[in-house]
Amino acid sequence: MSSSQLPALQVVLPLLGAVICAFLRRGTLAWGVALCVTWTMPVIALSMLWQVLATGPISYAMGGWAPPWGIEYRVDMLSGFVLFLVSGVAAVIIPFARKSIATEIDSTRQAWFYTMYLLSLCGLLGITITGDAFNVFVFLEISSLSTYVMIALGRDRRALLAAYQYLIVGTIGATFYVLGVGILYSLTGSLNMVDISSRLGELGFQPPVLAAVAFLFVGISLKLALFPLHSWLPGAYAYAPSFATAFLAASATKVAVYLLVRYFFSVFSVSQIFEGLPVSEILIVLSVAGMIGASLVAVFQEDVKRMLAYSSVAQIGYMTLGIGLANKQGLTGGIVHLFNHAITKAALFLAVGAIVYRMKTCKIDDFAGLGRRMPLTMGVFVLAGLSIIGTPGTAGFVSKWFLAVGALEEGWWWLVAIVMVSSLISVVYIGRVIEIAWFREAKPIADNAREPPASMLLPMLFLAGCVVYFGFATSMSAGYASKAAAHLLGAEQAIEVPAAAGTKQ
Amino acid sequence: MTPSELIIAALLIPVFAAIFIPLASAAPNLREGITLTATVLLLVTVLQLLQLVLNGEQPEWTGLEIAPGLALAFKIEPLGMLFALVASSLWIVNSLYSIGYMRGNNEPRQTSFYICFAIAIASTIGIAFAKNLFTLFLFYEILTLSTYPLVTHKATEEAINGGRVYLLLLLGTSMVLLLPAIIATWVIGGTADFTPGGILAGKADGLTLGVLLAVYIFGIGKAAVMPFHFWLPAAMVAPTPVSALLHAVAVVKAGVFSVVKVVVYVFGIETLSTSGHAGWLVYVAGATVLIASIVALRQDNLKKRLAYSTVSQLSYVVLGAAILTPISVVGATLHIAAHAVSKITLFFAAGSIYTASHLTEVSQLNGIGRRMPWTMGAFAVGALSMIGLPPTAGFLGKWYMLSGAASTGQWVAVGVIMASTVLNAAYFLPVVYAAFWRPPDGEAAEHNHGEAPWPMVAALTATAVATVVLFLMPGVPLTLANMMVGR
């Protein structure tokens, strides 16, 4: 296999896998296919990332048609990083799927679930890898449509409503996006992002560009669940099958955030359209509102998945805050939070998924007594919860540090205060679950509760290990994020983050 | 072992204890054996480090970097050495006491108790040896988190509520105030490494320094400066060994230790005293000393009274730092050690009374001194030290603080120390008087109990003796304190 075809394989393999799964009847078999495909993904992503670091961005002409006419797949620092993140988390959590899906979905539909999962993976990786604005729309639809189905496969009847809600909102988002792309196309005559960017620069300021910016930003913000466009997310996360929730939480919103960064810094910033436009300010205000508002709502949830979903909305605020700050430290914080939050939230949703597997419920009250019955699962929950709070020694702290430094460099101490207050609120909602799990007497429903099987436990423990590991060893996460940030901001060079300094006297 | 290996060993010994304790949960004697072995090993390691520090070395070790220039790093300076020495030597005594207490009271979940205890000690050592603000903050938070299960150990409604206050207040102040202060220091000063003379020396104007100092002081909730002291009385629902070592020594001392460290190494004594915006701290600390003493007077619950006394005594240390003279900082440092040995004695006595007689209120203690002469004798020694009378350790710190305050004409501070001495006497001496000279009354007269189990009596006698010995031979703490301020 020639390594030059890797960008295509990154997208084509999951697509092929999806087709194979669609022909399979046995859920376990389909899972096997999904497993094989998913495990090759990070290998491909990593080898491309390595190549990017060595020789600079990869440009791949799909079907041999040269850009800007053909579709260009483009892997640079940022997209390589996101590709690795999405495929890596998927690879870690896929072993969890078999038993979890087997109990949550009827056996006749399990193969369909894996089909949809692979399509969604294909779409998400496609959005990230492609350098073509319209191609993004195609992959956006692939991932969205398959996600609607995944959510609707949830056992609870309310899953249908949640999927329907997401369908409406997601379609509006996609429409806005494609309208924005249409305007850009009519202005520049190009669909290639790099090309659009340079042509916009030549064009200078034109009023229709504002309309394109507005459509694109609203459309993408719907997909990434930026407050107050997040209404679809809690329902979707709460009623989707547990594995789907973990997968989506770790990947779907992250890819949408990536897209926002891409448009913000790669497409528009060059043409200096934002000078005089309060885009950063709007983004910061909305992020802050989400960080506080959604965290407060999370405190009052009765369902743990729903609570974590609102927590996700708040955490997305951290990422968009970093984008809005648009200085090196802040953007590093935003990008590294993409990474840190993905592993943290995946760990949390897997832990909840394991509890659903044993208890068939994830009401907070039913967590009573689980601290002693499922100590490892709840241990993972606590550790990942600490990362949500941003305790030092966990991944969440690292992002918070960079964000706060970025805010202080702008002299915005009040923003630091808000970030800290938001993490204080997360102490309340995480602490509430912990208190119930350890200090309340177990209900009869918890009589059979014990640790989940190893195939579910190991991915959780691995992610929990990552949460701690990336709280200390940041050369891979923050070091890389700061390089990507410097690259996006056009700085000369990133500050090097040395690897393990080792023992010094 | 090389110095850096010694540092790693000091951190890892309690961690390994925490790992091995659950493996031996079925065999209590083996489990307690692991704890005791770890305590001894830790003290030996710390003593070896002490030897190096007294020779003028500053052993250090740097681990991973989490942001450019911001690493998990340790460097032992005299103040941290003293703190580690106090914590590790009292851990031995306290473990002995814990064994007696936990078994004597048939407490549930003893394994997790010993695990959390060991982790708390590891984080205390981490705080003591921290080279920079990040490392300090890391272990500061771990200490809060690892002591939360100990506070809520009894799992009663009261314990859960106490735990809530404890966690929210300590995590809250540290996240909303301390962390931003650290980040601001990093942005302004360009480093988070503790620097002799102060990170911020010459880098910020007086007002900024004053505001930042306030954010630090209130952000270090563990120092229990009012109004953020509520967590300490709330934490008293914990089993007494926890109150004794953690809420009279490790946790609260981590707080005042951080305050002294911040004043000396982040701001610099010189910088602060010339900034003109640090004078308020004397008033805040002084007010805490006096108000907490007055509240202590009104507490009938013995542990609550001790807790408010701790709040008051902690602010002595803050006061000593706030006076901003080298000699008063020496006093503050000595008081960290002196208060540790005497307050742990008092808590040991309270726990011993509880174990032997199940009495918890001061008003029930009439005549108990005749039944428990060792316990109440030790209590009397601890009380004298709290008041600051010779021949006990409490006298030393007060003496240095007074001379520092008097030499710079800070009469407010002098007045506060004098007034609080009277108040201390007023809430401790009646307890001693009632225990020895009042006849037992009512129900208590019919209980026929003697002393608590021998490990507890041995532990409290040892700390009482240490309180006196520290007064007679203050050599090591005094040397370390002097080294810190460069005298």
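Tutor: Two residues are in contact if their C-beta atoms, placed from the backbone, lie within 7 Å. Please also keep in mind, as we go through the chains above, that this is a predicted model.

Student: With that meaning of contact, how many residues does each chain bring to the contact between chain A and chain B?

Tutor: Chain B contributes 30 residues and chain A contributes 32 residues. On the side of chain B that touches chain A, the elements β1 (60–67), β2 (70–75), α5 (133–151) and α6 (157–189) each supply at least two residues, and the most comes from α6(B), which gives 13 residues.

Student: Which classes of residue make up the side of chain B that touches chain A?

Tutor: That side of chain B has 24 nonpolar, four polar and two charged residues.

Student: What should I look at to judge the overall build of chain B, and how many helices and strands are there?

Tutor: Chain B holds 20 helices and two strands. Its radius of gyration is 21 Å, close to the 23 Å that the globule rule gives for 487 residues, so chain B is as compact as a globular protein of that length. The C-alpha trace of chain B spans about 70 × 55 × 45 Å along its principal axes, and 63% of the 487 residues count as buried. Among the contacts in chain B with a separation of 6 or more, 81% are between residues 24 or more positions apart.

Student: How do I read the packing of two helices, and at what angle do α13 and α19 of chain B pack?

Tutor: An angle over 145 degrees counts as roughly antiparallel. Helix α13 (residues 326–357) of chain B and helix α19 (residues 454–472) of chain B pack at an angle of about 155°, with their axes 9 Å apart, and α13(B) and α19(B) are therefore roughly antiparallel to each other. Their crossing is left-handed. Residues that meet here include B:Ala337, B:Val341 and B:Phe348 from α13(B), and B:Met456, B:Leu460 and B:Leu470 from α19(B). The residues of this contact divide into 13 nonpolar, seven polar and no charged.

Student: What does the pair α8(A) and α10(A) look like when it is read in the same way?

Tutor: The axes of α8(A) and helix α10 (residues 242–268) of chain A come within 8 Å and cross at roughly 160°, and these two helices are therefore roughly antiparallel to each other. The crossing of α8(A) past α10(A) is left-handed. Among the residues making the contact are A:Val213, A:Leu216 and A:Ile220 of α8(A), together with A:Ala256, A:Leu260 and A:Tyr263 of α10(A). By class, the contact of α8(A) with α10(A) has ten nonpolar, one polar and one charged residues.

Student: Turning to single residues, is B:Ser146 buried or exposed?

Tutor: A residue is buried if 20 or more other C-beta atoms lie within 10 Å of its own, and exposed if 12 or fewer do. B:Ser146 has 23 other C-beta atoms within 10 Å, so B:Ser146 is buried. This residue lies in helix α5 of chain B, and, leaving aside its neighbours within four places in sequence, B:Ser146 is in contact with B:Cys116, B:Ile119, B:Ala120 and B:Ser123.

Student: Where does A:Gly204 lie, and does A:Gly204 count as buried or exposed?

Tutor: A:Gly204 lies in the loop between α7 (193–203) and α8 (207–224) of chain A, and, with 10 C-beta neighbours inside 10 Å, A:Gly204 counts as exposed. The C-alpha atoms of A:Gly204 and A:Lys363 are 159 residues apart along the chain and separated by 55 Å.

Terms used: Residues numbered from 1 in each chain as written. Chains lettered and ligands numbered in written order. Predicted model: local features only at pLDDT ≥ 70, side-chain atom pairs only at ≥ 80, totals over all residues. Axes fitted to C-alpha atoms, helices over the stretch in contact; angles between N-to-C directions. Helix = DSSP H or I, 4+ residues; strand = E, 2+ residues; numbered from the N terminus. Parallel < 35°, antiparallel > 145°, perpendicular 65-115°, else oblique. Left-handed = near helix turned anticlockwise from the far one by under 90°. Nonpolar A, V, L, I, M, F, W, Y, C, P; charged D, E, K, R; others polar. Rg over C-alpha atoms; globule rule 2.2 N^0.38 Å.
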